Amino acid sequence: MNTPADARHNAPATQRNREPILEVLLEVLPATGTILEVASGTGEHAVFFAPYLAPRQWLPSDPNPELRASITAWAEYFPADNLYPPLELDASTPVWPVEKEALPDLPIVAIVNINMIHISPWSACLGLMAGAGRILPANGILYLYGPFKEGGEHTALSNAAFDESLQAQNPDWGVRNLEDVVAAAKAQNLRLKETYQMPANNLSVVFQRFANF
């Protein structure tokens, strides 16, 4: 349990999914450049991934100041030379901070987004796709992780129950239909590259930016 002076937050799912996610990231991410993590949450993924993904740079972000403090606190416990301080970034905004100022030393070549689009309004998913379409270079990668419906149907009873609990908290939340996400990506010049079956009925969904519009 954290003390009041300890700003670190804990997400138990991180401990379960970080290694399977890392395996996919090592396979799909470009070999060099900056990886922008949108909605980094507690920061536990960031401090775990960064050392394994060097020489790539890892740039975490979150719109919540309490979570940005958690990311900073975790980075103090597990420092890495290739881990940037967290950026304030709301995926649904029309212009992201990284578009207004050159923050990373290396260009952003990929965006990673874990467990966000179902715990946020659909506008956040659309904003994520639009931002990826604006920022990523040709052949850049957008990686999503989380539960998805396929063909409008849940792939597991646990996902259906989770979806119901999310919508009870906020009717704008919910497990998204994969085909809708793919269509939103395509509208922003991103094509579905591959999906990976992950633990606990989740998917890794990998998009790549078209070389030519």
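For the pocket linings described below, Ala, Val, Leu, Ile, Met, Phe, Trp, Tyr, Cys and Pro count as nonpolar, Asp, Glu, Lys and Arg as charged, and the others, Gly among them, as polar. The structure analysed here is a predicted model.

The overall fold was considered before its pockets. The protein chain comprises seven helices and eight strands. Its C-alpha atoms occupy a box of roughly 45 × 45 × 30 Å along the principal axes. The radius of gyration of the protein chain is 16 Å, in agreement with a compact globule, because a globule of 213 residues would have a value near 17 Å. Of the 213 residues, 51% count as buried. Among contacts between residues at least 6 apart in sequence, 73% join residues at least 24 apart.

Pockets were examined next. Rolling a probe the size of a water molecule over the atoms shows where empty space is left. The largest pocket holds about 580 Å³ of space. It is lined by 28 residues, of which Ala39, Gly41, Ile114, Asn115 and Met116 are the closest to its centre. Helices α1 (12–28) and α5 (122–135) each contribute at least two residues to this lining, and α1 gives the most, with three residues. By residue class, the lining of the largest pocket consists of 14 nonpolar, 11 polar and three charged residues.

The second largest pocket has a volume of about 370 Å³. Its lining is made up of 17 residues, and those closest to the centre are Ala13, Arg16, Asn115, Phe162 and Asn202. Asn115 is thus listed among the residues closest to the centre for the largest pocket and for the second largest pocket. Helices α1 and α6 (157–169) each supply at least two residues of the lining of the second largest pocket, with the greatest share, five residues, coming from α6. Helix α1 therefore supplies at least two lining residues to the largest pocket and at least two to the second largest pocket. Nine nonpolar, seven polar and one charged residue form the lining of the second largest pocket.At the level of single residues, Thr34 was examined in strand β1 (residues 34–37). Thr34 has a relative accessible area of 0% and is classed as buried because this value falls under 20%. A polar atom of the Thr34 side chain lies 2.7 Å from the backbone oxygen of Leu106. Leu106 is also one of the residues that Thr34 touches beyond four places away in sequence, a set that further includes Gln57, Leu59, Tyr84, Pro104, Pro107, Ile108, Val109 and Ala110.

Backbone geometry was then inspected. Most residues other than glycine have a negative phi, and most peptide bonds are trans. The peptide bond from Ala54 to Pro55 is cis, with omega near 15 degrees. Pro55 is located in the loop between α2 (44–53) and β2 (57–60). Positive phi values occur at Ala200, at about 60 degrees, and at Asn201, near 60 degrees. Ala200 lies in the loop between β7 (190–198) and β8 (202–209), and Asn201 is found in the loop between β7 and β8. Ala200 is exposed because its relative accessible area, 61%, is over 50%, whereas Asn201, with a relative accessible area of 36%, is partly exposed.

How values were computed. Residues numbered from 1 in each chain as written. Predicted model: local features only at pLDDT ≥ 70, side-chain atom pairs only at ≥ 80, totals over all residues. Heavy atoms only, no water. Helix = DSSP H or I, 4+ residues; strand = E, 2+ residues; numbered from the N terminus. Buried < 20%, exposed > 50% of the residue type's maximum accessible area, 1.4 Å probe, protein only. Polar contact = N/O pair within 3.5 Å; in protein donor to acceptor, adjacent residues only side chain to side chain. Contact = heavy atoms within 4.5 Å. 1 Å grid on protein atoms, 1.4 Å probe; cavity = no way out; pocket = protein on both sides within 12 Å on 5 of 7 lines; lining within 4 Å. Points joined across faces, edges and corners; volume = space filled by probe spheres on them. Rg over C-alpha atoms; globule rule 2.2 N^0.38 Å.
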